[in-house]
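Student: Please take me through one part of this structure closely, namely its salt bridges and how buried their partners are.

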Amino acid sequence: MKTLKNIYENIGLPRLIIGLFFIFLVVTSIVLGFSPAALFSDVLRRWLMYGTLVLAMVPGIQSGIGLNFGISLGISAGLLGSVFAMEISFLRNWNEVLGAGAPWLTLLLALLFGIIMAAILGTLYGMLLNRVKGSEMTVSTYVGFSVIAFMNIVWLSLAFKNGELSWPLQGRGLRNTASLSGSFGGLLSNPDVVQSTQPAWLHWLAFKIGDFTVPLGLILVFALLCFIIWLFFRSKLGIAMSAAGENQLFTTTTGINVDGKRIQGTAISTVLGAVGIILYAQTYGFLQLYNAPLMMGFASVASILIGGASVRRAKISHVLIGTLLFQGILVTALPVVNEVIEIGTLPEVLRIIISNGIILYALSKTKGGNQ
Amino acid sequence: MSQKTNVLQKAGSFLFDNKVMIAFAAICVAAIVLSGSPMTFIVDGVFTRITRNTFTVLALIIPVLAGLGLNFGIVIGAVAAQIAVFCVVYWGFGGFSGMLLSVLIATPLAVLFGYLVGKLFNRMKGAEMIAGLILGYFADGLYQLLFLVIIGGIIPVNNPKLIISGGVGVKNTIDLTGNLKYAIDSVRMVDIVTVLFYVVLAITAIKVVLHLLKKYQLHKGDFILFGVVGLLFGISYIPVIERFLSTDRLGLLDALTAVLIVLAVVQIIKIVKSIWIDKKPAKNLVKPILALLGYGLIFGLTFIPEIENVLLFVKLPVLPFLLIAGLCWFNHKILSTRLGQNMRTVGQSQSVAMASGINVDQTRVIAMIISTVLASWGQLIFLQNIGTFSTYGAHTQIAQFAIAALLVGGASVQKATNKQAIIGVILFHTLFIVAPQAGKQLFDNAQIGEYFRVFVSYGVIALSLAMHAWKQFKKEVQPPTEGIDLGNSALSPMAEKQQILD
Amino acid sequence: MEDQYLLSMNNISKEYYGNRVLKGVNLKVKPGEIHALVGENGAGKSTLMNILFGMPVIYSTGGFEGEIQMSGESTSIDCPHTAMNCGIGMVHQEFMLIPEFNVTENIKLGREIGEPTAFSKIFGNLLDKMNWPQMSRDARKALDSIGMMNIEEYAKVAGMPIGYKQFVEIAREIDKTGIKLLVFDEPTAVLTEGEADRLLEIMRLIAQKGIAIIFITHRLTEVMAVADSMTILRDGEFVARKDVKEINLARIAELMIGRKVDKLVDDSLLRSRDLSDDKIALEFKNYHVDMPGERVKGMNIKIREGEIFGFGGLAGQGKIGIANGIMGLFDTQGDVYAFGKRLDLSKLGEALRNDIAFVSEDRRGVGLLLGESIERNITFSAMQIKDEFLTHIGPIKLLDKAKADQHTRDMIKLLDIRCTGTSQAAGSLSGGNQQKVCLARAITMDPKILIVSEPTRGIDIGAKKLVLEYLTKINREQGTTIVMISSELVELRSLCDRIAIVSEGKVFSVMKPDDSDAAFGLAMAGVREEEAA
């Protein structure tokens, strides 16, 4: 009896409810006659698609800045990197010159640009957060919003030649959604893209078993990122960073510069945000500019909280479980709901309620009590 | 000499204290010049937006004073108002009585919501703003669930004008023309005066009864108020004035003239008082006379054709402005009550307030209820003026824009006044009106201007929050080690629990 | 006659989580009397006052035993509000003032005088209009009655000298109707000498009006100057109630301190060593630490190699600041030398790199990563400072889990840490075991100098003995110089070679463990023996 209670306490009420809801949705959809293979392919795809963005929360939380709503900064860096890489690829005509290698080079270049910009922005952002200790979340939310609003102006002012990116017949301004089909879209995850554009020896990157799609390339990349972060938090630097996030005084007395560690944590989080959005875009097949990333930070925050993280501590397992549950519900809810009542927007409503509800719950847990 | 430096110092500190406002005013002027829009268009637009938005911005002041910070939770007040509007439109009510019904439905809802939000905030002290923000989104989700799924899906509602053709969910926009549109704006001045007269009559009657029961002491002010209102009511029967008052809109020129006349009368009374009643030396006369000269100058300016054109062009709905003035008066008055003093104390220091026997949690909840109710009324004013009710969009940006406006006026997380709210609304919405045009002129792209104003509204909040947090952080000294004996052992079970939860 | 007393608290006992902090204490105060309540830190004065005021902390931890009588009648005080209604007021050590408010507003805080309006008749007195003229008059009267003619009732409190703030606090208590008993908690601690004299004068003035005063202070000279009688507490026990006329300073000091010195450490370890004034391990020269509440203000002392050196003294006098300064938590001035080498304390971790390790007095706040495993806690410092427990793969330094695990298990065995395993979170251990983890972390650094601050605070007797024995052991066997900072004189006297008593941020005197109780008591109170005579 006691162990049962322990298990319950370990899981926590919200995760239990969400977990049971997910199982209920899966069972219902299978009962309703949906193909389990297609359903699980979709869940897997979404899981990997959002995974890195959620992973980006870990260094932020561990280094003590709390839930990084300002991940939009990293997202913007990643998007900028992508559009620059695509424009260069277009100007240099890589598709003609390099053939199958072109999307790879574009992807690498996008990552490179994104990471460099994110590292710089993240460092500055970390410095800001050190000055607003105690209110990081409130400030970072609005810094995140401001960055997206600022990027809107940037997107509107960029004058690119690549027709995929810019509006036709206009000198400047980028599209709301730019298709990546001619570029790195689906390169790691979409069997059709891989089969049609890549040489045979790369066909293992994404393939189908019956109805079930295995985006092996993406799985490997995501697993690698998780492994790197896991390893990082077992290194001397990572251990010091965790300590800085857990107890500033303790860490200071051990001769470690807490503020420095917080800046590093913020920068890593921001870089992961940039990598995350590029992987997201490559899976999705489209680059979403303007206001699309506005609430992505919230989704990431909600995911890791659902996974069991708190405002102060997070683990890789929280990322994996949280993203699976959160995205899983959103994927499976749509067909189930459509079967019952025809409201296409219900999953969206669900997303809003679940994500904000869980964040509220987590906040009430940390700041509870008087004074 | 010393006086001169004093003036300079004062000017300097005025500039410093109002730096946000001044910077924003400069941006506004630049944008106005760039846009090249006619002043009639801008002034008219600004006044329309003052009508719509000021009430909501004023609703933010009390939570700031009570130490709850910027109330991002006013979205919830707006939601209460929108539920009420939906009901009223569905039941087929309209006009001023329909509006009254909306108020009757929205108010208890807002009280309930405000109470719940206040309770929640008491559980999250120190994180009210982020909690309010998230709560706003959460409430939006529940609202969508209600309007998209429950209405029609669970509660059968049959009205093709309101419901999506499938029978489930409310349409994207609800046209308020013919029912609630201008329900407040179009109340005639005569009616206002009449109602005002009867209300004051009733209040005075109650006071007299209380006085006779020896429970209340009548004083001079009560009679003066009754006299003034009675006089106003009386002259409204003079045909010329009756004709003037029988419209619902007041020309800006007329409004300005009226305000100047009232102010001038007040100053003249002061002069008369100091000469014939107080018999004070002429020193006391300087200010009133200067003020009178100032009013004269302003009145003179209205004869400049450019200005006169603008003033003649703009027509103000009377009742919303009276309501705004009333709310300013309310914000001011509430502070001179015990409740207001308690709020200020709680806002300054919760621990001191608690030690002085003030019920901190209750005071905070009351502040949230007041703010939520006011926000719901503000949303009603907004919706009736705009005339179309965007079911899923009308409330989403309300907190964002209201807070940005308040901050632009020079308010901060801990300090806000009526004046800052009004100046903020004027500046913020001036920018809103001219930014697209300015963007078009400057970059040949109106959208850049639009994005710029959104950026400004987010940016000003981010900046203000960061400055507040910075100040707080600097104030915070290292935790004192004194008194650890007791403090730590008394707290440790809680700390332990925290750890387990983590 | 019982009823000659305004307040009598009879046979009061109180427990916090199984720890008895008050054991049958009596406190009796007559009307118009200034009654001093004296005792060391931890003697139970604050708990007694918390009970008197019905503070929530008492009731949330299971209440208390005993009886409180006001004017001979048994009274139950279950919340601060009841205390106020009984006419008991408190002048707080940390001011309960709002800087942004003016003097009148502060004096009337929570007790504003309202004028009923038509609205408040209907909606309740929360909507009363504030009657500021009346309140200003009251404030003026209260200020005048304590002789503070020069404080303006409309001045803002922010920016006033500290003494004035204290007087505003007093005026607030005086303004309360029916005030019978006023508690002054360390009122002179923050005041300048002139202000303190003024305050004592005001206390006499108040007492003359027939209001009783309970005066809590560490300054025994002030007690002698102003009090009529006193109650002495020691270790939560009632020692004596004396009239000031029948006692002298030395006797008070003796009563405060006096207790039998328990043998906390095994005799076999207490062999004498060769301590030489030529071999100095740690030296402070004009050392300042800017730690709020525990400031060190110009300390000079030399600590010999191989010595166990103690710092004692009352809370707030600066002994805690000594270690926190070296640890780098607060800014320091002056010079600190370790084995002749000057330490640059502005550099983080400087002391650790020079073989000085610490055990903090604030276990949960500074000493531990509560959410992390025992293993992480024990190995952290050595890993970060000395690169131990790491495997190097190129430039990357990764945790050597096996090594860390082994070492942790050794430490668990060595110090008898009661836990479920190396991965148990430090936060879920008991206080004593947490302290052992802190100690294990420090000795993992293999230090030449070990500074332990309040090593036995809040831990059970078994753990206490083990910790002290272990400290002696590494001192004797490895020659580690130990600097021990403690509020427990007994502990210092049973272990140390020399003890420096810290008063007002300086070393007041360096004493031997076998000096008399009275000598220690006077030194703690900051009184020279010649003064006491």
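Tutor: The answer below follows selected salt bridges one by one. This is a predicted model, in which local features need pLDDT (the predictor's confidence in each residue, from 0 to 100) of at least 70 and side-chain atom pairs count only at pLDDT 80 or more, while totals for chains, interfaces and linings use all residues. Residues are numbered from 1 along each chain as its sequence is written, chains are lettered from A in the order in which they are written, and side-chain values use heavy atoms, without hydrogens and water.

Over all chains there are 33 salt bridges, each a side-chain nitrogen of Lys or Arg within 4 Å of a carboxyl oxygen of Asp or Glu. In one of them, A:Asp259 meets A:Lys133 at 2.6 Å, N to O. A:Asp259 belongs to helix α13 of chain A and A:Lys133 to the loop between α7 (101–131) and α8 (136–157), 126 residues apart; helices here are DSSP runs (H or I, at least four residues) and strands likewise (E, at least two), numbered from the N terminus. A:Lys133 is buried, at 14% relative accessible area, whereas A:Asp259 is partly exposed at 29%; buried means under 20%, exposed over 50% and partly exposed in between (1.4 Å probe, protein chains only).

In chain C, the closest N and O atoms of C:Asp175 and C:Lys108 are 2.9 Å apart. C:Asp175 lies in helix α7 (residues 162–175) and C:Lys108 in the loop between α4 (103–107) and β7 (114–115), so this pair ties together parts 67 residues apart in sequence. C:Asp175 is buried at 13%, and C:Lys108 is buried at 4%. Finally, a network of salt bridges links A:Glu246, A:Arg313, C:Glu372 and C:Arg376.
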